[in-house]
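Grab the model and work through the exercises below. Each one sets a task and then walks through a solution.

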Amino acid sequence: MWFQYEDGALLFTTTTDRVKFRNYQNDPRATFAVLDPTNMYKWVIVNGTLSVDDRDPQAFYRHLAEHYFDEAGLAEWRKRAVMERRTVLKLTPTQIRA
């Protein structure tokens, strides 16, 4: 899942009709894990609480795509990106392990 680290929190985007968002509505606790694919001993696990961030979700989604794709990938992404019902979720850490 694409993410951005900003001011001590992790930001994600999803649509409000997906299971991720319904899970957040039922229980805002979340865990996020990243593993270095070249070294299984390099990892981080973040536990925290999710909230809805008030920034423009479509602009944030475009910003993430520009970070993760090159020009060719970005052109393909633009053809299939779902922009409707989009929101930004913010994970505020309560515990970080590495």
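**Exercise 1. Decide whether Thr-87 is buried or exposed, and list what it touches.**

Step 1: Thr-87 has a relative accessibility of 9%, so it counts as buried (buried is under 20% relative accessible area, exposed over 50%, partly exposed in between, with a 1.4 Å probe and protein chains only). Before going on, note that this is a predicted model: local features need pLDDT of at least 70, side-chain atom pairs count only at pLDDT 80 or more, and totals for chains, interfaces and linings use all residues. Residues are numbered from 1 along each chain as its sequence is written, and side-chain values use heavy atoms, with hydrogens and water left out.

Step 2: Thr-87 sits in strand β5 (helices are DSSP runs of H or I with at least four residues, strands are runs of E with at least two, and both are numbered from the N terminus).

Step 3: Not counting residues up to four places away in sequence, Thr-87 touches Phe-12, Thr-13, Thr-14, Thr-16, Phe-21, Val-52 and Pro-57 (contact means heavy atoms within 4.5 Å).

**Exercise 2. Start from Phe-21 and find the largest nonpolar core.**

Step 1: With residues up to four places away in sequence left out, Phe-21 touches Thr-14, Thr-15, Thr-16, Val-52, Thr-87 and Leu-89.

Step 2: Phe-21 belongs to the largest nonpolar core, which has nine residues; the others are Leu-10, Phe-12, Tyr-24, Phe-32, Val-46, Leu-50, Leu-89 and Leu-91 (a nonpolar core is a set of buried Ala, Val, Leu, Ile, Met, Phe, Trp, Tyr and Cys residues joined through side-chain atoms within 4.5 Å).

Step 3: At least two residues of this core come from each of β2, α1 (19–26), β4 (43–53) and β5.

Step 4: There's also a second, separate core of five residues, including Tyr-61, Ala-65, Leu-74 and Trp-77.

**Exercise 3. Check the length of helix α2, then work out where its buried residues lie.**

Step 1: Helix α2 covers residues 57–68, which is 12 residues, and at 1.5 Å a residue it should span 16 Å (the expected span is 1.5 Å times one less than the number of residues). Its end C-alpha atoms are 16 Å apart, which agrees.

Step 2: Pro-57, Phe-60, Tyr-61, Leu-64 and Ala-65 are buried in α2. They cover an arc of only 140 degrees around the axis, which puts them on the same side of α2 (the arc is that of the directions from the helix axis to the C-beta atoms).

Step 3: The buried residues of α2 pack against β1 (4–6), β2 (9–15), α3 (71–80) and β5 (86–97).

Step 4: At the N-terminal end, Asp-56 caps α2, with a side-chain oxygen 3.0 Å from the backbone nitrogen of Gln-58.

**Exercise 4. Is Phe-69 buried, partly exposed or exposed, and which residues is it in contact with?**

Step 1: Phe-69 lies in the loop between α2 and α3.

Step 2: Its relative accessible area is 27%, so Phe-69 is partly exposed.

Step 3: Leaving aside neighbours within four places in sequence, Phe-69 is in contact with Trp-2, Leu-74, Trp-77 and Arg-80.

**Exercise 5. Put the overall layout together.**

Step 1: The protein has three helices and five strands, running β-β-α-β-β-α-α-β from the N terminus on.

Step 2: Buried residues make up 31% of the 98 residues.

Step 3: The C-alpha trace spans about 35 × 35 × 25 Å along its principal axes.

Note on methods:
A polar contact is a pair of N or O atoms within 3.5 Å; within protein, one must be able to donate a hydrogen and the other to accept it, and residues adjacent in sequence count only if both atoms are side-chain atoms.
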